[in-house]
Amino acid sequence: TTIERGFKPQFLPYLTQLEGKSVSLTGFMQPLGEGPDVSAFLLLEYQVGCWYCESPERITIVQVEMGEGQTIALRRGLVKVEGKLSMNRTDPEKFLYTLTDSTVRDPD
């Protein structure tokens, strides 16, 4: 994925074919707020010790939203997330990828 000037993301063809479908991703949980239980978090390909020193590339961040009324305790290790993929093509204030109605489990 590349982002052209004026926030015009160019998604690879295989990604656009996955939009709206259930996908599984493995990564590390990064909280969006405080508290041990969350209904949304960021999924990163590697753990970040200091967000300002080790900020991941925007194209590698996935926002994960749990199913309606569900929460999960934050985990430190690798997790596998499954959810419905959507891609942001218009709003530069939001993340490029979002998984909705997600579930979290231990990786295979």
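This passage describes the pockets, salt bridges and surface features of a predicted model.

The pockets make a convenient starting point. Rolling a probe the size of a water molecule over the atoms shows where empty space is left. In this model, the largest pocket holds about 280 Å³ of space. Its lining is made up of 14 residues, and those lying nearest the centre are L25, I59, T60, V62 and Y97. Helix 1, strand 3 (22-31) and strand 5 (40-44) are the elements that each give two or more residues to this lining. Strand 3 provides the largest share, with four residues. In chemical terms, the lining of the largest pocket divides into ten nonpolar residues, three polar ones and one charged residue.

The second largest pocket has a volume of about 210 Å³. The residues that line this pocket are F28, M29, Q30, P31, L44, Y46, Q47, V48, L74, R75 and R76. Here too, the largest share of the lining is contributed by strand 3, again with four residues. Sorted by class, the lining of the second largest pocket comprises seven nonpolar, two polar and two charged residues.

Two of the residues lining the second largest pocket, L44 and R75, deserve a closer look. L44 is part of strand 5. With a relative accessible area of 4%, L44 is buried, because the cut-off for that class is under 20%. The C-alpha atoms of L44 and M66 lie 16 Å apart in space, with a separation of 22 residues in sequence. R75, for its part, is partly exposed at 31% relative accessibility, and it leads on to the salt bridges.

The structure contains four salt bridges. In one of them, R75 pairs with D106, and the closest N and O atoms are 3.0 Å apart. D106 lies in the segment after strand 9 and R75 in the loop between strand 7 (72-73) and strand 8, so this salt bridge ties together parts of the chain that are 31 residues apart in sequence. The acidic partner, D106, is exposed, with a relative accessible area of 54%.

A further salt bridge joins D108 and K80, with 2.6 Å between the closest N and O atoms. This pair also links distant parts of the chain: D108 sits in the segment after strand 9 and K80 in strand 8, with their positions 28 residues apart in sequence. The two partners fall into opposite classes of accessibility: D108 is exposed at 77% relative accessible area, whereas K80 counts as buried at 14%. The K80 class follows from the cut-off, because buried means under 20% relative accessible area. K80 and D108 also belong to a network of salt bridges that takes in R105.

The pairing of R89 with E19 is another of the salt bridges, and its closest N and O atoms are 2.8 Å apart. These residues come from distant parts of the chain, 70 residues apart: R89 is placed in the loop between strand 8 (78-87) and strand 9 (97-105), and E19 in the loop between helix 1 and strand 3. Both partners are partly exposed, R89 with a relative accessible area of 37% and E19 with 30%.

The remaining features centre on the loop between strand 2 (8-10) and helix 1 (13-18), which is where L12 is found. F11 lies in that loop as well, and the accessibility of these two residues can be set side by side. F11 is buried, at 12% relative accessibility, while L12 is partly exposed, at 40%. F11 is also involved in a long-range relation in sequence: F11 and N88 are 77 residues apart along the chain, and their C-alpha atoms are 9.9 Å apart in space.

L12 in turn contributes to a nonpolar patch on the surface, which it forms with Y14 and L18. Together, these three residues have about 280 Å² of accessible area. L12 qualifies for such a patch because members need over 30% relative accessible area, and L12 has 40%.

Key
Residues are numbered from 1 along each chain as its sequence is written. This is a predicted model: local features need pLDDT of at least 70, side-chain atom pairs count only at pLDDT 80 or more; totals for chains, interfaces and linings use all residues. Side-chain values use heavy atoms; hydrogens and water are left out. Patches are made of residues with over 30% relative accessible area and no salt bridge: like charges are joined within 9 Å, nonpolar side chains (Val, Leu, Ile, Met, Phe, Trp, Tyr) within 5 Å. Accessible areas come from the Shrake-Rupley method with a 1.4 Å probe; for residues, only the protein chains shown count as cover. A salt bridge is a side-chain nitrogen of Lys or Arg within 4 Å of a carboxyl oxygen of Asp or Glu. Buried means under 20% relative accessible area, exposed over 50%, partly exposed in between (1.4 Å probe, protein chains only). On a 1 Å grid over the protein atoms alone, a cavity is a set of points where a 1.4 Å probe fits but cannot get out, and a pocket is an open set with protein on both sides within 12 Å along at least five of seven lines; lining residues have an atom within 4 Å of a point. Grid points are joined across faces, edges and corners, and a volume is the space filled by probe spheres set on the points. Ala, Val, Leu, Ile, Met, Phe, Trp, Tyr, Cys and Pro count as nonpolar, Asp, Glu, Lys and Arg as charged, and the others, Gly among them, as polar.
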